[in-house]
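The exercises below are meant to be worked with the sequence and the model side by side. Each task is followed by a solution that goes step by step.

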Amino acid sequence: MWRCALPPLLRYPTVDELAARAAALVARHPRDARLRRVGTSRAGTPLWLLSVGHGARQALVVAGPHANEPVGGATVLRLAERALADPRLTEGADATWNLLLCLDPDGLRRNEGWLSGPYSLGRHFRHFFRPGFLEQPEWLPDGAAAAVLPETRALLRLQDELKPFFQCSLHGVDVGGAFVELTRDLPGLAQRVAHAAARLGIPRELGPYDALYWPGLGPAVHLIPPPHRGDLAAAITEAAVESTWFHPQRHGTVTAIVEAPMWGVPAVEDGTRPDDPDAALRAVSTALRHDTRVLERLLARVRPRLAGLPDAARLLAPVDDYLLVCPGLADAWDPRTPAPVRPRPPLRRARLTALRIAGRRRALRTAGLLHQLVTASGDDPAGALPELDRLIDTWCADYHDGCGARWSPVARQAEYQTRVVRAAFELAARHGAPYPRPGEPGWGTQAAVPMHRE
């Protein structure tokens with residue numbers, strides 16, 4: 001019989017709270033829930049897997065793959081409670097839910113300066129952390145056999161052990177809207193996404209930056225192209241690289257990446273035509289070039305002062321990544337760029353808004369990381385801190401006032417993700433035809449489309 005659930009989460013859970021709440025669920029339901037350690041992070045933090053049910057069909061849900069996207073932790077706890085309360089999700093589906101509480105717990109700890117609230121854009125970006133591309137555990141830039149990070153190796157082992165029919169990776173957009181990316185079509189998911197978003201007041205991002213050139217499967221649902229190799233700059237800006245999303249396809253797994261916004265922007269679902277799309281694109285690319293030059297000058301002023309700062313290299317890695325790709329993004333979006341490799345897709349207001357948000361996101365993240373570096377140094381002879389504060393405040397005001405970004409409560413974000421994961425799970429169980437595996441006819445036959453024409 002279902003017993004009283006844990007108190008609802010009104011804020012993002014920390015690494016320690018995730019483990020404690022999962023352990024409490026297992027203590028209340030020892031026959032139906034198990035908690036086991038499936039790996040260890042670089043800093044020695046356990047990677048915990050919470051499993052619910054005893055069915056033969058395995059579902060795997062991965063929370064916290066990106067350190068700055070904490071909503072997945074709240075979502076997996078909610079999913080565990082739903083699976084314990086509703087036997088249709090376990091016995092009725094002959095399924096076991098395997099919930100990885102956090103794939104990057106070390107990175108999540110670095111975000112604890114803003115996790116507990118109060119939630120404001122300025123506070124978020126001043127305490128934001130996301131590691132450089134090569135330290136993000138879902139990516140396999142050199143293939144699975146060459147995976148270096150212990151978190152990555154733990155997830156690969158888990159995928160090969162479970163051979164899940166369904167995998168879900170939980171992500172969170174800082175500013176924008178909700179969307180889903182799939183490694184295989186799940187007919188009917190777009191309608192389920194639309195229903196969940198409408199009921200909860202979550203805007204859908206109809207033209208997300210991540211999927212600029214990807215096939216659409218329905219509003220706010222996109223098909224990820226098969227993995228392909230590329231240089232580092234392309235890999236940072238393209239999700240269609242080798243990753244743990246595609247690794248379990250050898251087992252017939254379909255993977256869904258579910259994005260939920262922290263600050264929602266209604267214009268990302270505006271499907272109307274803009275009056276002058278080229279002018280809007282020029283404005284976006286010009287702003288990104290300008291912001292990049294400003295940040296490059298600031299970095300040149302502060303970098304010499306950071307040589308002795310502990311862990312400065314880890315904060316500088318994402319700064320260098322962002323500044324590396326921003327000029328290429330600006331060129332890719334600029335209609336004045338000659339001879340584009342690939343024509344741009346139709347530019348509705350939704351897509352233009354998404355590109356505007358994406359460009360500003362890179363600038364804000366870079367400024368926030370530089371702010372942390374200068375603050376941690378305890379010294380600012382270059383006078384960078386006041387300028388960084390001004391930039392962060394100005395750019396956050398543009399999000400709030402210019403884009404209409406508004407906070408979505410944590411409980412609402414988690415409920416939206418929970419409903420979408422459940423819908424994808426049910427559709428994957430219904431449409432269970434396996435995707436072609438490596439070496440079989442049909443594998444890798446789709447065109448690998450670069451997202452931003454680098």
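**Exercise 1: Strand E4 and its partners**

In this predicted model, strand E3, helix H2 and strand E4 make a right-handed β-α-β unit. Work out which strands pair with E4, in which sense, and through which residues.

*Solution.* Begin with E3 (residues 57–62), which pairs with E4 in the parallel sense over six bridges; within this pairing, arginine 57 has alanine 95 of E4 as its bridge partner. Turn next to E2 (residues 46–52), which runs antiparallel to E4 and is joined to E4 by four bridges. Two positions help to fix the register of E2 against E4: leucine 50 stands opposite leucine 99, and valine 52 stands opposite tryptophan 97. Finally, follow E2 back to E1 (residues 33–40), to which E2 is joined by seven bridges in an antiparallel arrangement, with threonine 40 of E1 and proline 46 of E2 as bridge partners. E1 and E2 form a hairpin with five residues between them, and glycine 44 in that turn has a positive phi of about 90°.

**Exercise 2: The two faces of E4**

Sort the residues of E4 by the side to which they point, and decide whether each side is buried or exposed.

*Solution.* In a regular strand the side chains alternate between the two faces of the sheet. In E4, Ala95, Trp97 and Leu99 point one way, while Thr96, Asn98 and Leu100 point the other way. Apply the cut-off of under 20% relative accessible area for a buried residue, and six of the six residues of E4 prove to be buried, so that both sets count as buried by this cut-off. For E2, the corresponding tally is five buried residues out of seven.

**Exercise 3: Helix H6 and its cover**

Check whether the length of H6 agrees with its number of residues, then list its buried residues and what covers them.

*Solution.* H6 runs over residues 150–162 and has 13 residues, which at 1.5 Å a residue should span 18 Å; because its end C-alpha atoms are 18 Å apart, the expectation and the model agree. The buried residues of H6 are Glu151, Thr152, Ala154, Leu155, Leu156, Leu158, Gln159 and Leu162. Their cover includes strands E1, E2, E3, E4 and E5, together with helix H3 (residues 105–110), so E4 from the previous exercises returns here as part of the cover of H6.

**Exercise 4: Backbone geometry that stands out**

Which backbone features occur at aspartate 94, at lysine 163, and at the bond from glycine 117 to proline 118?

*Solution.* Most residues other than glycine have a negative phi, and most peptide bonds are trans. Aspartate 94, although not a glycine, has a positive phi of about 50°; aspartate 94 lies in the loop between H2 and E4 and is partly exposed, with a relative accessible area of 39%. Lysine 163 also has a positive phi of about 50° without being a glycine; lysine 163 follows H6, lies in the loop between H6 and E5, and counts as partly exposed at 46% relative accessibility. The peptide bond from glycine 117 to proline 118 is cis, with omega near -5°, and proline 118 is found in the loop between helix H4 (112–115) and helix H5 (121–126).

**Exercise 5: The nonpolar cores**

Identify the residues with the most contacts inside the largest nonpolar core, and the helix that gives the largest share of this core.

*Solution.* In soluble globular proteins, nonpolar side chains tend to be buried together. The largest nonpolar core has 102 residues, and Trp97, Phe166 and Tyr416 have the most contacts inside it. Helix H13 (residues 410–430) gives the largest share of this core, ten residues. Apart from this core lies another, of 16 residues, among them Tyr213, Val284, Ala330 and Leu352. Looking more closely at tyrosine 416, and leaving aside residues up to four places away in sequence, one finds that tyrosine 416 touches residues including Ala178, Phe179, Val193, Leu200, Ile202 and Val258, as well as Glu259.

**Exercise 6: The whole chain**

How many helices and strands does the protein have, and what percentage of its residues is buried?

*Solution.* The secondary structure comes to 13 helices and ten strands, and buried residues make up 58% of the 454 residues. Among contacts between residues at least 6 apart in sequence, 81% join residues at least 24 apart. The accessible surface comes to about 17,400 Å², of which 55% belongs to carbon and sulfur atoms.

Technical notes. Residues are numbered from 1 along each chain as its sequence is written. This is a predicted model: local features need pLDDT of at least 70, side-chain atom pairs count only at pLDDT 80 or more; totals for chains, interfaces and linings use all residues. Side-chain values use heavy atoms; hydrogens and water are left out. Buried means under 20% relative accessible area, exposed over 50%, partly exposed in between (1.4 Å probe, protein chains only). Contact means heavy atoms within 4.5 Å. Accessible areas come from the Shrake-Rupley method with a 1.4 Å probe; for residues, only the protein chains shown count as cover. The expected span of a helix is 1.5 Å times one less than its number of residues. A nonpolar core is a set of buried Ala, Val, Leu, Ile, Met, Phe, Trp, Tyr and Cys residues joined through side-chain atoms within 4.5 Å. Two strands pair if DSSP finds at least two bridges between them. A crossover is right-handed if, with the strands pointing away from the viewer, the path from the first strand over the helix to the second runs clockwise.
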